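User: Could you walk me through this model, starting with whatever is enclosed inside it?

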Amino acid sequence: MIITTLGTSHGDHTYCRYNSATLFEIDDRAYLVDVGEPVCATMIRLGKDLDRLKAAFVTHMHADHVGGLPMLIKTLRKYPKEGKHTDVFLAEDVADSLGAWLRAMHIEWPLSMVSVRATTQGCIYDDGTLEVSAESTRHLRDPERPDVALSFSYVLEAEGKRIVYTGDLSHDFSDFPVAARDEPCDMCICEITHYQPESALPVLMDCPIRRLVLNHVHDPWHGDGEARLMEMVADLPYPVSVAHDGDVFEL
Ligand SMILES: [Zn+2]
Ligand SMILES: [Zn+2]
């Protein structure tokens, strides 16, 4: 499995990082977690074949995680190919709003080659190559609908490997996914913007994580700040990396 962090910024684009998008390539299949801008352009620049894109899993509906979806859908539509189909999982039931926005941009919708559905807690996807399950976080909440999950972390399992992708978390790190606390994972891709690293360290110290990749990187950890962040996490009992746009990880 090859994992490429296409966009590793926090809520803003920065001088060296685009919005959130991570590509997982397994044999001849490709999958995305989050589709922040400019995911479609980044894939094309890296020579990634959009025809191989089987599914995209959006952690939540903040624009920095889903802003690249219209151009992605437009490009999938523009170059149709026999048998090509992409499932898009959105963290809320907003298919109608998405359809209205696409039609406003003169993009045909609905399409046979793209399906949109809402993520729910538990197993949401299994195509025989990749299995994906979702666990809700408290990053996004609607006070009027406190029981409705609006943001998710995802667990991706393929080729005997298990990856936990946290998505955005709450400020106190209390919703760091149980999936990464209780069961070993080969890689945890964890956001590093919405909490202080000091508050996360006691939790991370005890997790059965084999490799930690810090993603969704906040401004203080850009440039020279990366060395400071690496110093703060140096005592964790497993390898830690800070993700940059275009970094490639092999599992
Ligand atoms: Zn975000
Ligand atoms: Zn967010």
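Analyst: What follows goes through cavities, a strand pair, the largest pocket, aromatic rings and cysteines.

Analyst: This is a predicted model, in which local features need pLDDT of at least 70 and side-chain atom pairs count only at pLDDT 80 or more, while totals for chains, interfaces and linings use all residues. Residues are numbered from 1 along each chain as its sequence is written, chains are lettered from A and ligands numbered from 1 in the order in which they are written, and side-chain values use heavy atoms, with hydrogens and water left out.

User: OK, how many cavities of 30 Å³ or more are there?

Analyst: There are 2, where a cavity is a set of points, on a 1 Å grid over the protein atoms alone, at which a 1.4 Å probe fits but cannot get out, and lining residues have an atom within 4 Å of a point. The largest cavity has a volume of about 60 Å³, a volume being the space filled by probe spheres set on the points, with grid points joined across faces, edges and corners.

User: And which elements line the largest cavity?

Analyst: β11 and β12 each give two or more residues to the lining of the largest cavity, and β11 has the largest share, with 3 residues; strands here are DSSP runs of E with at least two residues, helices are runs of H or I with at least four, and both are numbered from the N terminus. The lining includes Asp34, His65, Glu191 and Asn215, and by class it divides into 3 nonpolar, 6 polar and 3 charged residues, where Ala, Val, Leu, Ile, Met, Phe, Trp, Tyr, Cys and Pro count as nonpolar, Asp, Glu, Lys and Arg as charged, and the others, Gly among them, as polar.

User: How do β11 and β12 pair?

Analyst: Strand β11 (residues 187–192) and β12 pair in the parallel sense over 5 bridges, pairing being called when DSSP finds at least two bridges between two strands. Glu191 stands opposite Asn215 in β12, and 6 of the 6 residues of β12 (residues 212–217) are buried, that is, under 20% relative accessible area, with exposed meaning over 50% and partly exposed in between (1.4 Å probe, protein chains only).

User: What about the second largest cavity, what class are its lining residues?

Analyst: The lining of that cavity, whose volume is about 50 Å³, has 8 nonpolar, no polar and no charged residues. Helix α6 (residues 197–205) gives the most to this lining, with 4 residues.

User: Switching to the largest pocket, how much space lies in it?

Analyst: About 150 Å³, a pocket being an open set of grid points with protein on both sides within 12 Å along at least five of seven lines. Among its 13 lining residues, Pro38, Cys40, Ala41, Met71 and Thr75 lie nearest the centre.

User: Aromatics next: how many pairs?

Analyst: There are 7 aromatic pairs in the whole structure, counting rings of Phe, Tyr and Trp (its six-membered ring) with centres within 6.5 Å, and calling planes under 30 degrees apart stacked, over 60 edge-to-face and the rest tilted. Phe89 and Tyr125 make an edge-to-face pair, because their ring centres are 5.9 Å apart and their planes are at 85°.

User: Why no disulfides?

Analyst: The structure holds 0 disulfides, a disulfide being a pair of cysteine sulfur atoms within 2.5 Å. The sulfur of Cys188 is 5.0 Å from the closest cysteine sulfur, in Cys190, which is too far for a bond, and the sulfur of Cys207 is 7.5 Å from its closest, in Cys188, also too far.
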